[in-house]
Amino acid sequence: MELADIFRDVMRRYPTGVTVVTSYLEGAPSGLTVNSFTSISIKPPTIGVFITTGSTGYRAIRSTGLYAVNILKHDQDWIAKRFSLDPPGKRFIDLRWFRSRVLGLPVISDSLAYIEAKVVSEIDIADHTLFVGEVVSAEILNDAEPLVYHMRTYKKV
Ligand SMILES: Cc1cc2nc3c(=O)[nH]c(=O)nc-3n(C[C@H](O)[C@H](O)[C@H](O)COP(=O)(O)O)c2cc1C
């Protein structure tokens, strides 16, 4: 087996939470499903997301220098599917969302929690770009169980 195949096989056994990372592109809300979200530091609060370089989501974050991480709850697998499979321009159709408290970024209503961040550094790694974000606000919206991704399937904990 090729190393890339073994690597993929191993990584799909590693469970993650599921987020939708949002921003704006040419004034319209933009977002994509992301499981590479990570907390980097608590003091100062710093996060990171790895986004495919050149993708629509990448262009949105680059153009605004801002992003929000929407942590999905257990019953929002349909949102994760929509934000990974539907064309970028169609993802917000008929979706309830509001503007985040400080930066006015798109927040998916009923998600578990969101974090809004300003990009403080950007590092190209292989075919992805790490956007390091300084957290400016964070809010819990629902004290619910999270959505989990494992073995290419959405699950509850
Ligand atoms: C569970 C899951 C996690 C994903 N995580 C990431 C990620 O961390 N970074 C990324 O660039 N794409 C990730 N993707 C793929 C994007 O959601 C997908 O390619 C999307 O269509 C990109 O949208 P865009 O063209 O608007 O940028 C993930 C997809 C799934 C299903």
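Biologist: What makes a residue count as buried here, and how many of the 157 residues do?

Modeller: A residue is called buried if 20 or more other C-beta atoms lie within 10 Å of its own. In this predicted model, 27% of the 157 residues of the protein count as buried.

Biologist: How do you know whether the radius of gyration agrees with that of a compact globule?

Modeller: We set the value against the globule rule, which is 2.2 Å times the number of residues to the power 0.38. With 157 residues the rule gives a radius near 15 Å, and the protein has 15 Å, so the two agree. Along its principal axes, the C-alpha trace spans about 50 × 35 × 35 Å.

Biologist: What is the secondary structure made of?

Modeller: The protein has 3 helices and 12 strands. As for contacts between residues at least 6 apart in sequence, 65% of them join residues at least 24 apart.

Biologist: Why is Met11 called exposed?

Modeller: Met11 has 9 C-beta neighbours inside 10 Å, and the cut-off for exposed is 12 or fewer, so Met11 counts as exposed. Met11 lies in helix α1, residues 3-11. Between Met11 and Leu95 there are 31 Å in space, C-alpha to C-alpha, and the two are 84 residues apart in sequence.

Biologist: Let's turn to α2. Which of its residues are buried, and how do you know whether they lie on the same side or on opposite sides?

Modeller: Gly57, Ala60 and Ile61 are buried in α2. They cover an arc of only 90 degrees around the axis, and therefore they sit on the same side of α2. The general rule helps here: an α-helix has 3.6 residues a turn, so residues three or four places apart point the same way.

Biologist: What do those buried residues pack against?

Modeller: The buried residues of α2 pack against β2 (19-25), β3, β5, β6 (66-71), β9 and β10. After α2 comes Gly65, with a positive phi near 70 degrees.

Biologist: Which residues surround the ligand, and what makes a residue part of that shell?

Modeller: A residue belongs if its C-beta atom lies within 6 Å of the ligand. There are 16 such residues, and the closest are Ser36, Ser55, Thr56, Gly57 and Ser84. Two or more residues of the shell come from each of β3 (28-34), β5 (46-52), α2 (56-64) and α3 (77-85). By type, the shell has 8 nonpolar residues, 8 polar and no charged.

Biologist: What makes β1 (16-17) and β12 (153-156) edge strands?

Modeller: Each of them pairs on one side only. They belong to an open sheet of 3 strands in the order β1-β11-β12, with antiparallel pairing.

Biologist: How do you know that β11 pairs with β1 and with β12?

Modeller: Two strands pair if there are at least two bridges between them. Strand β11 (residues 147-150) has 4 bridges to β12, and 2 bridges join β1 to β11, so both pairs satisfy the definition. Thr16 has Tyr149 in β11 as its bridge partner. On the β12 side, Val148 stands opposite Lys155, and Leu147 stands opposite Lys156.

Biologist: What links β11 to β12?

Modeller: The two form a hairpin with 2 residues between them, and Met151 in the turn has a positive phi of about 55 degrees.

Biologist: Why is a positive phi pointed out at all?

Modeller: Because most residues other than glycine have a negative phi. Asp110 has a phi near 75 degrees, a positive value in a residue other than glycine. Ala126 has a positive phi of about 50 degrees and is not a glycine either.

Biologist: What makes Asp110 partly exposed and Ala126 exposed?

Modeller: Asp110 has 17 other C-beta atoms within 10 Å, which falls between the cut-offs of 12 and 20, so the term is partly exposed. Ala126 has 7 C-beta neighbours inside 10 Å, and 12 or fewer means exposed. Asp110 is in the loop between β8 (106-108) and β9 (113-125), while Ala126 is in the loop between β9 and β10 (128-140).

Biologist: How do you know whether the peptide bond from Lys43 to Pro44 is cis or trans?

Modeller: Its omega is near -5 degrees, and the bond is cis. Most peptide bonds are trans. Pro44 is found in the loop between β4 (38-41) and β5.

Terms used: Residues numbered from 1 in each chain as written. Predicted model: local features only at pLDDT ≥ 70, side-chain atom pairs only at ≥ 80, totals over all residues. Nonpolar A, V, L, I, M, F, W, Y, C, P; charged D, E, K, R; others polar. Contact = placed C-beta atoms within 7 Å. Arc of directions from axis to C-beta.
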